[in-house]
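User: I'm new to this and would love a close look at one part of this protein. Could you pick a spot where helices come together and walk me through it slowly?

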Amino acid sequence: MDHVDRALLAQLQLDATQSYAALGKVVGLSAAAAHERVRKLRERGVIRRTTVDVDPAAVGQGVLAYVMVESTSWMGDSAQSFAALPEVLEAHVIAGSASVLVKVRTTTTEQLQDVLRRIYAIDGVSGTQAIVVLETFFERPLSPHEVVAEHVDATAGHVLRQGSRSATGPG
């Protein structure tokens, strides 16, 4: 992955509905070259999918909780059990006092309680500890940049790096 690929990823994360002509203009490529680069990023699995970022509260999913799942046995083979719960958005095997960390979204705290009951019913689960989010300051997507301060100069069509005096053009 070079700086042009990173710039394309940054632009797609801002707005995946941009035309290839618009993408190419920002990074200094033709529409066809931008399309080819994006196609290759998809083929290599860098771009896993294209989706819509929905405001959970606007669709009635305003309760967010992170649940630490304690267990009596190894939980590494329980991914399907967690995935079967539609309210569970993420599940991670973790190190520490808990075995699994899950991210849950529900409509109400009563629904969250029901999800906790269903998690507890998963084979090997011995307990749960839920942390309910009161306010989210921010959530950010994964940055495709090597350097966080790297950004796309939309007017010049170059990728600039923090502290650099010159821009690097498309490669």
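Analyst: Let's start with a word we'll need right away: two residues are in contact, or touch, when they have heavy atoms within 4.5 Å of each other. What you see is a predicted model, where local features need pLDDT of at least 70 and side-chain atom pairs count only at pLDDT 80 or more, while totals for chains, interfaces and linings use all residues. Residues are numbered from 1 along each chain as its sequence is written, and side-chain values use heavy atoms, leaving out hydrogens and water.

With that in hand, look at Gln18. Leaving aside residues up to four places away in sequence, Gln18 touches Gln11, Leu12 and Leu23. Where does Gln18 sit? Gln18 is in the loop between H1 and H2. Those labels come from DSSP runs numbered from the N terminus (helices are H or I, at least four residues; strands are E, at least two).

The side chain of Gln18 also has polar contacts, meaning pairs of N or O atoms within 3.5 Å; within protein, one atom must be able to donate a hydrogen and the other to accept it, and residues adjacent in sequence count only if both atoms are side-chain atoms. A polar atom of that side chain lies 2.8 Å from the backbone oxygen of Gln11. The backbone oxygen of Asp15 is 3.1 Å from a polar atom of the Gln18 side chain.

Now for the two helices on either side of that loop. The axes of H1 (residues 3–14) and H2 (residues 20–27) come within 10 Å and cross at roughly 130°. Axes here are lines fitted to C-alpha atoms, for helices over the stretch in contact, and angles run from 0 to 180 degrees between N-to-C directions. H1 and H2 are therefore oblique to each other (under 35 degrees counts as roughly parallel, over 145 as roughly antiparallel, 65 to 115 as roughly perpendicular, and the rest as oblique). H1 passes H2 in a right-handed crossing, where right-handed means the near helix is turned clockwise from the far one by less than a right angle, and left-handed means anticlockwise.

Who makes that contact? H1 brings Val4, Ala7, Leu8, Gln11 and Leu12, while H2 brings Leu23, Val26 and Val27. Sorted by class, these residues are seven nonpolar, one polar and no charged. Nonpolar covers Ala, Val, Leu, Ile, Met, Phe, Trp, Tyr, Cys and Pro; charged covers Asp, Glu, Lys and Arg; the others, Gly among them, are polar.

A third helix joins in. H2 packs on H3 (residues 31–43) at an angle of about 95°, with the axes 7 Å apart. That is why H2 and H3 count as roughly perpendicular. On the H2 side you'll find Tyr20, Ala21, Leu23 and Gly24, which meet Ala31, Ala34, His35 and Val38 in H3. The class tally for the contact of H2 with H3 is six nonpolar, two polar and no charged residues.

To close the triangle, how do H1 and H3 cross? Their axes come within 11 Å and cross at roughly 85°, so H1 is roughly perpendicular to H3. Val4, Asp5, Leu8, Leu9 and Leu12 of H1 meet Ala34, Arg37, Val38 and Leu41 of H3. The contact of H1 with H3 has seven nonpolar, no polar and two charged residues.

Some residues turn up more than once. Leu12 of H1 is in the contact with H2, in the contact with H3, and is touched by Gln18. Leu23 of H2 meets H1, is in the contact with H3 and is touched by Gln18 as well.

For a bit of context, there's also an open sheet of four strands, ordered S2-S3-S1-S4 with antiparallel pairing; two strands pair if DSSP finds at least two bridges between them. S2 (88–93) and S4 (125–132) are the edge strands, each pairing on one side only. On average, neighbouring strands of this sheet are turned by 20° against each other, direction ignored. Helix H5 (residues 109–120) packs on the sheet, touching S1, S3 (100–106) and S4.
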